[in-house]
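Trainee: I am new to this one. Please choose one part, look at it closely, and then show me what surrounds it.

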Amino acid sequence: MTITNKPIYSSLDGVEILAPIKSTPDYLPATTTQADILTKSSLSFVVLLHRTFNKTRLQLLQNRLDVQAKLDSGLSLEFLKDDLSVKLQQDPVWQGAVPGLGLTDRRTEITGPPDRKMVVNALNTPVKTYMSDFEDSNSPTWSNILNGQVNLYDAIRHQIDFVNEDNGKHYKVNFDDETRTIPTLIVRPRGWHMVDKHILIDGEPVSASILDFGLYFYHNAIALIKQGYAPYFYLPKMEHHLEAKLWNDIFNVAQDILSIKRGTIRATVLIETLPAAYQMEEIIYQLRNHSAGLNCGRWDYIFSTIKRLRNDPTKILPNRDQVTMTVPFMSSYCKRLIHICHKRQVHAMGGMAAQIPIKNNEQANTLAMEKVSNDKLREANMGYDGTWVAHPALAPIANDIFNKYMPTPNQMHKSNPDPKISEFDLSNTAIEGGIITTDGIRQNLYIALCYIESWIRGIGCVPINNLMEDAATAEVSRLMLYSWCKHQVELYDTKEKVSPSLVENLLNEEVSKLTQKFPASKNYKFEIAANYLRPEVTGKSLSEFLTTLIYDEVVETGEPINLNTLK
């Protein structure tokens with residue numbers, strides 16, 4: 001396949017690509033290749049964005065550490081009271097952008113990595129939107145990143161069909177059926193904290209956020225606009241409204257370069273960090289011409305809450321199955337998000353239903369599906385404009401609930417009274433009746449080990465204990481264990497205090513069970529996973545992110561390729 005390159009805007013001097021780029025297709029009968037995606041002109045576009053904005057990105061990451069240092073010293077998070085925040089609160093008029101075409105009704109969204117089979121299955125699911133995820137559900141191997149871009153390129157051009165070479169099965173999206181609506185595509189690039197070491201720019205790894213955004217936008221923005229849509233994004237892991245401003249600046253520059261009208265892009269921000277919950281209105285304002293609303297990223301939010309409040313012994317969370325969306329600090333965060341989104345006329349999106357169908361156990365499956373139904377009913381009645389599912393089989397459940405309780409395309413017209421959520425409410429993690437048990441430790445160790453092991457093997461979305469786990473849920477497990485060990489909490493079942501030796505002994509037991517359960521011939525990596533996890537869960541160290549801690553395990557670099565060989 002030949003893709004017409006646009007003009008090069010930035011010098012490629014000082015740029016190195018340290019991994020091979022395939023010029024043959026991985027999926028037949030498709031003809032798009034990795035070489036069609038990483039071209040001289042698309043790389044030049046990424047390089048220009050990186051050189052323009054990476055310094056700001058690094059400063060904003062440092063700002064996160066500065067906030068953590070203040071929290072560690074005993075200070076608390078507060079609502080902003082600077083001139084901008086006061087102005088926003090006093091101005092009842094300003095609003096976010098009107099919904100982009102295909103984004104007015106988002107009652108059910110399915111999410112998953114940009115794996116080709118997943119893309120086909122998602123586009124065949126009866127949902128309104130599909131969030132293709134380069135972040136938490138994707139292990140960022142070089143192949144996964146480039147092939148993900150290939151798959152989205154092909155999906156947009158209705159050439160995503162392929163044959164599975166292993167079993168001969170044909171995967172096809174019925175784009176020709178005029179009686180059905182194909183889900184609107186939304187892309188989640190990796191977060192600001194991540195880099196991609198396969199490309200160096202002036203001696204430093206490229207920002208993974210800019211790489212994912214840049215390649216997708218460069219190749220697909222104009223094609224999407226010609227179809228009547230536009231490039232839509234989910235923005236993860238932000239902790240300050242200035243991080244949203246950085247994205248908005250990048251959007252403006254990217255649109256200017258390709259002569260696309262500013263405000264064409266739409267972006268939904270995941271409020272999945274505790275600091276961001278204190279700046280929701282400011283975040284919408286920074287993206288207002290591009291804003292598509294906010295989303296309650298529940299698992300990352302729990303992880304962030306533990307991480308940011310880690311030194312406070314009064315903020316310890318119990319076993320993870322007791323940290324539901326109805327506990328006070330989670331409920332407060334949701335109520336605040338819905339109120340602010342509707343006040344500014346943008347979507348308030350609900351969280352993930354991580355359950356997956358349970359085969360060969362009808363009773364367990366019925367109970368799991370009831371949990372999904374109850375969760376979606378809670379969200380619809382709270383006023384959310386839509387919700388997430390991780391498996392196609394859950395879409396009818398979510399659809400039925402939202403169709404019944406949200407007959408309109410969204411609920412932005414509902415003017416909910418201000419819930420008056422206080423600064424204290426957002427960080428009051430007390431849970432009545434919450435307990436910590438030995439089984440809670442084992443569950444967290446099992447989930448973290450299984451997820452890390454799979455991620456290292458290049459799989460970022462993993463079914464564990466009948467739930468679809470991604471990096472966010474593994475992070476919850478890691479941080480809970482760190483917190484329990486650091487503060488030496490007392491176990492409810494044994495009255496023993498959690499200590500490094502106790503956690504390490506249980507970790508070794510879980511590793512032993514897993515290595516016996518799974519055959520060595522499959523090249524499982526539980527020992528490697530345990531080596532990364534051990535210092536993190538015994539209180540010896542705490543990395544900002546699990547994915548950055550283990551990232552080098554999936555990096556495959558060699559001698560720089562000759563850039564003149566790029567298309």
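Mentor: Start with P29. P29 lies in the loop between β1 (15-17) and α1 (34-37). The peptide bond from L28 to P29 is cis, and its omega is near 10°. Keep in mind that this is a predicted model.

Now to the part I want to look at closely: a pair of helices. Packed helices are described by two things, the angle between their axes and the distance between those axes. Take α2, residues 40-72, and α7. Their axes come within 10 Å. They cross at roughly 175°. Angles over 145 degrees count as roughly antiparallel, so α2 and α7 run roughly antiparallel to each other.

Which residues meet there? From α2 come F45, L48, L49, F53, T56, R57, L60 and R64. From α7 come L242, E243, L246, D249, I250, V253, A254 and I257. Sort the residues of this contact by type, and you get eleven nonpolar, one polar and four charged.

Pick one of those residues and stay with it. L242 sits in helix α7. Is L242 buried or exposed? Neither label fits, because its relative accessible area is 35%, which makes L242 partly exposed. Leave out residues up to four places away in sequence, and L242 touches L60 and Q286. L60 belongs to the α2 side of the helix contact. For a sense of scale, compare L242 with N416. These two are 174 residues apart in sequence and 28 Å apart in space, C-alpha to C-alpha.

Next, look at the loop leading into α7. K237 lies between β9 (232-235) and α7. K237 is not a glycine, yet its phi is positive, at about 65°. Its relative accessible area is 3%, so K237 counts as buried. D202 also has a positive phi without being a glycine, in this case about 55°. Find D202 in the loop between β7 and β8 (204-207).

K237 has a partner worth knowing: H193. H193 is found in the loop between β6 (184-188) and β7 (195-201). With 12% relative accessibility, under the 20% limit, H193 is therefore buried. What does H193 touch? Setting aside residues up to four places away in sequence, the list is R57, L61, R64, E135, K237, F545, T547 and T548. Two of those names, R57 and R64, appear in the contact of α2 with α7. F545 has a charge to deal with as well. The charged end of K307 sits over the ring of F545, 3.9 Å from the ring centre. K495 is placed in a similar way over another ring: K495 lies over the face of Y492, at 5.0 Å from the ring centre.

Rings are the next topic. The structure holds 20 aromatic pairs. One of them is F213 with F251, a tilted pair with 5.5 Å centre to centre and 45° between the planes. This pair links distant parts of the chain: F213 is in helix α6 (residues 208-226), F251 is in helix α7 (residues 241-257), and the two are 38 residues apart. Both rings belong to buried residues, F213 and F251. Set them beside F518 and Y524, which also form a tilted pair, at 5.0 Å centre to centre and 50° between the planes. F518 has a relative accessible area of 25%, so F518 is partly exposed. Y524 is partly exposed too, because its value is 28%.

Back to F213 and F251. They are part of one aromatic cluster, along with F45, W192, Y216, F217, Y218, F233 and W247. F45 in that list is also on the α2 side of the helix contact. So here is the picture of α7: it meets α2, and its F251 pairs with F213 in α6.

One last stop. I421 lies in the loop between α13 (395-405) and α14 (423-427). I421 is buried because its relative accessible area is 14%. Apart from neighbours within four places in sequence, I421 is in contact with F79, S332, K335, R336 and L426. I421 and A353 are 68 residues apart in sequence, and 25 Å separates them in space, C-alpha to C-alpha.

Definitions and conventions
Residues numbered from 1 in each chain as written. Predicted model: local features only at pLDDT ≥ 70, side-chain atom pairs only at ≥ 80, totals over all residues. Heavy atoms only, no water. Phe/Tyr/Trp six-rings, centres within 6.5 Å; stacked < 30°, edge-to-face > 60°. Helix = DSSP H or I, 4+ residues; strand = E, 2+ residues; numbered from the N terminus. Buried < 20%, exposed > 50% of the residue type's maximum accessible area, 1.4 Å probe, protein only. Lys NZ or Arg CZ within 6 Å of the ring centre and 35° of its normal. Axes fitted to C-alpha atoms, helices over the stretch in contact; angles between N-to-C directions. Parallel < 35°, antiparallel > 145°, perpendicular 65-115°, else oblique. Contact = heavy atoms within 4.5 Å. Nonpolar A, V, L, I, M, F, W, Y, C, P; charged D, E, K, R; others polar.
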